[in-house]
Amino acid sequence: MKLPILLLLLLLHLFLCLPPRVRAQPATSRSRAKSLDAILQEYAYRALVKPKTGTIYNATQLPSNLSGIKVAALRLRSGSMRRYGFPMYNEFEIPKWVIEKPYVKRLVLVYQNLGDWSIRYYPLPNYTYLAPVLGLLAYNGSNLSATNLLTLNVTAYGDPIKVMFHDVKSAPLGAVAKCVCFDLQGSSNFSNVTGGNTCSTSTQGHFSIVAQSIAPPPPVLPPIAQKESNSKVGVIVGSVLGGLVLLVLLCLLLLWLLKYKRNKEIQNMERAADAGEALHMASVGDTKAPAATVTRTQPTLEHEYAP
């Protein structure tokens with residue numbers, strides 16, 4: 001038994017004792033929002049049957065799975081929008097000197113009101129929507145039967161485009177209402193609300209009024225729930241401590257096995273040495289040394305002579 005195996009067993013024990021974790025899945029809201037823009041552009045263009053320039057046309061043939069979303073289309077000449085703007089397109093006030101790129105002779109401004117679908121297509125963690133998400137997107141208006149058109153880049157070079165929301169909810173106590181703008185790249189930018197319901201922007205996109213969510217106080221658990229919670233904590237702490245004690249015991253067992261194995265090897269070496277000795281071994285204290293039992297010749301002195 002080796003130490004890495006013991007550590008692996010300990011980690012497995014701790015993993016089984018800990019509660020499971022839930023991993024969040026990656027968000028796909030941006031791709032859903034782009035798909036929705038393409039669908040709403042198609043239905044907005046369907047409402048432009050023999051359209052008159054400067055007239056708002058509401059789309060009334062949305063599918064049932066998009067019920068609650070409002071869509072409209074407004075066809076303008078680029079030169080007229082640049083010189084005069086458009087005083088009120090639903091909640092949007094378009095000033096003079098709004099220019100699109102690339103240049104087109106006619107353009108269509110598609111209006112979106114996502115209503116209760118706002119949080120699905122534009123989720124904003126830690127924020128609460130006080131108004132629905134409103135969209136304003138510009139497309140080429142030359143071919144009204146075209147689908148999957150690319151959006152034009154619209155920029156206000158004079159006064160900003162104003163978005164005046166209707167029926168804005170009150171912000172929670174202690175929270176401050178903010179304007180949020182979702183650009184075409186999916187980034188969200190915040191700004192101040194003016195007049196209680198108005199946001200300003202220099203580009204197209206999607207807009208709303210939000211307030212930062214305030215975390216509610218922790219709920220007061222009844223005595224039974226508190227006991228259950230404490231018991232769960234006690235089980236987890238006990239499991240961790242039990243794992244540490246198990247690790248210590250396993251380490252002590254490993255050290256004992258190593259010491260036992262070493263002593264066994266020394267005993268085997270001594271036993272092999274005793275079996276192969278050629279001389280008689282005599283014990284001197286705690287050690288053994290070879291000792292001769294019989295001498296072959298007797299020693300004689302130099303001045304003694306044999307008869």
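**A nonpolar patch, a helix and two cores**

Val233, Ile236, Val237, Val240, Leu241 and Leu244 form a nonpolar patch on the surface. Together these six residues offer about 470 Å² of accessible area. The model is a predicted one.

Start with one member of that patch. Valine 240 sits in helix H5, which covers residues 223-275. Is valine 240 buried, exposed or partly exposed? Its relative accessibility is 35%. Buried means under 20% and exposed means over 50%, so a residue in between is partly exposed. Valine 240 therefore counts as partly exposed.

Now widen the view to the surrounding segment. An unreviewed UniProt entry lists residues 233-258 as "transmembrane region". Such annotations may be inferred rather than shown by experiment. In the model, residues 233-258 are 100% helix and 0% strand. The C-alpha atoms at the two ends of this segment lie 38 Å apart.

Next, the chain as a whole. It has 307 residues, and 29% of them are buried. Its secondary structure consists of five helices and 16 strands. About 21200 Å² of the protein chain is exposed, with carbon and sulfur atoms supplying 60% of that area. Among contacts with a separation of 6 or more, 68% join residues 24 or more positions apart.

What lies inside? In soluble globular proteins, nonpolar side chains tend to be buried together. The largest nonpolar core here has 31 residues. Tyr89, Phe92, Leu107, Leu109 and Phe165 have the most contacts inside it. Apart from this core lies another, of 28 residues, among them Ala33, Ala44, Ala47 and Tyr121.

Take leucine 107 from the largest core. Which residues does leucine 107 touch, leaving aside neighbours within four places in sequence? One stretch of partners includes Leu74, Arg75, Leu76, Arg77 and Ser78. Met81 and Glu100 are also in contact with leucine 107. So are Ala138, Tyr139, Asn140, Gly141 and Leu152.

Valine 104 gives a second view of some of those partners. It is found in the loop between strand S5 (98-101) and strand S6 (106-113). Is this loop residue buried or exposed? Valine 104 has 8% relative accessibility, so it counts as buried. Beyond its neighbours within four places in sequence, valine 104 contacts Ser78, Asn140 and Leu152. Ser78, Asn140 and Leu152 also appear among the contacts of leucine 107. Look at Leu152 in particular. Valine 104 and leucine 152 are 48 residues apart in sequence. In space, their C-alpha atoms are 9.1 Å apart.

Technical notes: Residues numbered from 1 in each chain as written. Predicted model: local features only at pLDDT ≥ 70, side-chain atom pairs only at ≥ 80, totals over all residues. Heavy atoms only, no water. Helix = DSSP H or I, 4+ residues; strand = E, 2+ residues; numbered from the N terminus. Buried < 20%, exposed > 50% of the residue type's maximum accessible area, 1.4 Å probe, protein only. Contact = heavy atoms within 4.5 Å. Areas by Shrake-Rupley, 256 points an atom, 1.4 Å probe, with all protein chains shown as cover. Patch = residues over 30% accessible without salt bridge, like charges linked within 9 Å, V, L, I, M, F, W, Y side chains within 5 Å. Salt bridge = Lys/Arg side-chain N within 4 Å of Asp/Glu carboxyl O. Core = buried A, V, L, I, M, F, W, Y, C linked by side-chain atoms within 4.5 Å.
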